[in-house]
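Here are a few warm-up exercises to work through with the viewer open. Try each task before you read its solution.

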Amino acid sequence: MTQPAPGGAQPSASRISARPRSAAPAPAGQPFAVRCDNLVHVYRTPGSEVAALRGVDLTVRPGEMVALLGPSGAGKTTLLWHLAGLLRPTAGRVEINGRQLTELGTGALARFRLTEVGLLLQNPGRNLLPYQSALGNLMFAQAPARRSVAARRRRAAELLDRVGLAGAARRRAGRLSGGEQQRLALAVALANEPGLLLADEPTTQLDPVSAAAVIELIRDANTSLGTTVVAVTHDPAVAAALGRTITIRDGRVGAEGLDGQEYVVVGRDGTLQLPAELSDLFPPGSLARAERHEHGVFLHRVDPPGPQDPGDQAGLPGPGAGR
Ligand code: ADP
Ligand code: MG
């Protein structure tokens with residue numbers, strides 16, 4: 001463990017440097033495919049409330065691919081459901097392609113989900129009609145698209161081939177294995193060439209070869225159609241393929257990865273979630289001093305005098321504790 005620096009400004013703690021969030025210039029049209037402003041979601045059940053999202057600020061540009069990372073229970077699935085318009089925010093707002101979802105009526109919201117969003121839920125079976133064949137599921141998914149039956153069949157056959165299910169076209173979806181269902185569910189999500197693909201753990205049930213095919217299909221939709229992708233994943237191969245990562249911890253955006261570099265994200269109230277690997281240096285409740293430096297700040301843990309310290313009866317650091 002790195003020794004904290006209770007008594008001086010030695011560069012032994014954590015150096016935090018600033019990176020402005022300017023990124024690339026916005027393309028023509030809508031600047032953001034996805035925008036969340038201070039998004040809060042509280043699940044209320046009789047006798048309990050769970051704050052699953054505690055003020056998420058997030059933007060994704062059209063054509064970007066983003067992996068949502070974070071421990072179990074962090075709020076990733078809840079966030080994805082908001083992007084799909086399946087939940088109403090407790091507070092804050094969600095905009096997709098410039099439209100605020102809470103302002104859409106029931107019909108417009110249903111149309112939005114059918115035509116603009118491809119959604120792959122965490123449990124692959126829930127995306128499918130179990131008594132329909134694999135082909136039938138793909139034909140049904142294309143019902144909202146303005147395509148001839150022949151064009152739908154061509155699209156279905158192409159997708160079945162891409163996910164390695166050409167031989168299972170006539171099998172009932174409910175009879176497919178978990179991995180096959182997951183691949184079929186991705187094909188269904190992409191059937192109408194959505195502008196936004198939302199996928200919750202798309203490779204959990206897959207062997208590395210099938211996972212690679214799924215990643216290839218997602219990337220292909222992105223490069224050939226410009227589909228924006230937001231995928232929850234624990235799979236490092238998926239995260240690497242998508243490029244930008246956003247780590248959710250405890251219902252907030254804690255960190256972002258860009259070009260292989262990891263950054264902590266400063267919240268609107270100035271809060272930072274320190275990287276998990278610093279938790280030994282800054283356990284919960286630690287006192288720290290943040291000191292301005294040339295290109296950022298140094299954060300030093302300050303150990304308050306213990307109860308055995310005769311100099312401080314209150315047990316709190318005196319005014320000179322960090323110097
Ligand atoms: P993740 O996908 O990151 O594992 P979730 O979004 O599923 O996280 O859950 C975030 C938090 O909300 C967890 O504490 C979870 O137990 C809680 N939660 C999720 N869904 C519900 C629900 N339907 N009712 C009550 N609590 C829920
Ligand atoms: Mg989840």
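**Exercise 1: the surroundings of His 41**

Setting aside neighbours within four places in sequence, His 41 has contacts with Ala 52, Leu 53, Thr 78, His 82, Leu 87, Pro 89 and Thr 90. Keep in mind that this is a predicted model.

Task: work out which strand holds His 41, and whether His 41 is buried or exposed.

Solution, step by step:

- Start with the secondary structure: His 41 sits in strand S2, which covers residues 34-45.
- Next, count C-beta atoms: 22 others lie within 10 Å of that of His 41.
- The cut-off for a buried residue is 20 or more, so His 41 is buried.
- Finally, check one contact along the chain and through space: Leu 87 is 46 residues away from His 41 in sequence, yet their C-alpha atoms are 8.7 Å apart.

**Exercise 2: the partners of S2**

Task: find out which strands pair with S2, and in which sense.

Solution, step by step:

- Take S3 to begin with: S2 and S3 run antiparallel and are joined by 10 bridges.
- To pin down the register, look at Val 34, whose bridge partner in S3 is Val 60.
- Now the turn: this hairpin has two residues between its strands, and Gly 47 adopts a positive phi near 85°.
- Then go to S5 (residues 91-96), which also pairs with S2 in the antiparallel sense, over five bridges.
- Here the register can be read from Val 40, whose bridge partner in S5 is Ala 91.

**Exercise 3: the shell around ligand 1**

Task: say which elements each supply at least two residues of the shell around ligand 1, and how the shell divides into nonpolar, polar and charged.

Solution, step by step:

- List the residues: ligand 1 has Tyr 43, Thr 45, Val 50, Ala 52, Gly 70, Ser 72, Gly 73, Ala 74, Gly 75, Lys 76, Thr 77 and Thr 78 around it.
- Sort them by element: S2, S3 (48-60) and helix H1 (76-83) each give at least two.
- H1 has the largest share, with three residues.
- Sort them by type: four are nonpolar, seven polar and one charged.
- Tie this back to Exercise 1: Ala 52 and Thr 78 belong to the shell, and both are among the contacts of His 41.

**Exercise 4: zooming out**

Task: how many helices and strands does the chain have, and what percentage of its residues count as buried?

Solution, step by step:

- The tally is seven helices and 14 strands.
- Of 323 residues, 33% count as buried.
- As for contacts between residues at least 6 apart in sequence, 65% link residues at least 24 apart.

Technical notes:
Residues numbered from 1 in each chain as written. Chains lettered and ligands numbered in written order. Predicted model: local features only at pLDDT ≥ 70, side-chain atom pairs only at ≥ 80, totals over all residues. Helix = DSSP H or I, 4+ residues; strand = E, 2+ residues; numbered from the N terminus. Buried ≥ 20, exposed ≤ 12 C-beta atoms within 10 Å, placed from the backbone. Contact = placed C-beta atoms within 7 Å. Near = placed C-beta within 6 Å. Nonpolar A, V, L, I, M, F, W, Y, C, P; charged D, E, K, R; others polar. Pairing = 2+ DSSP bridges.
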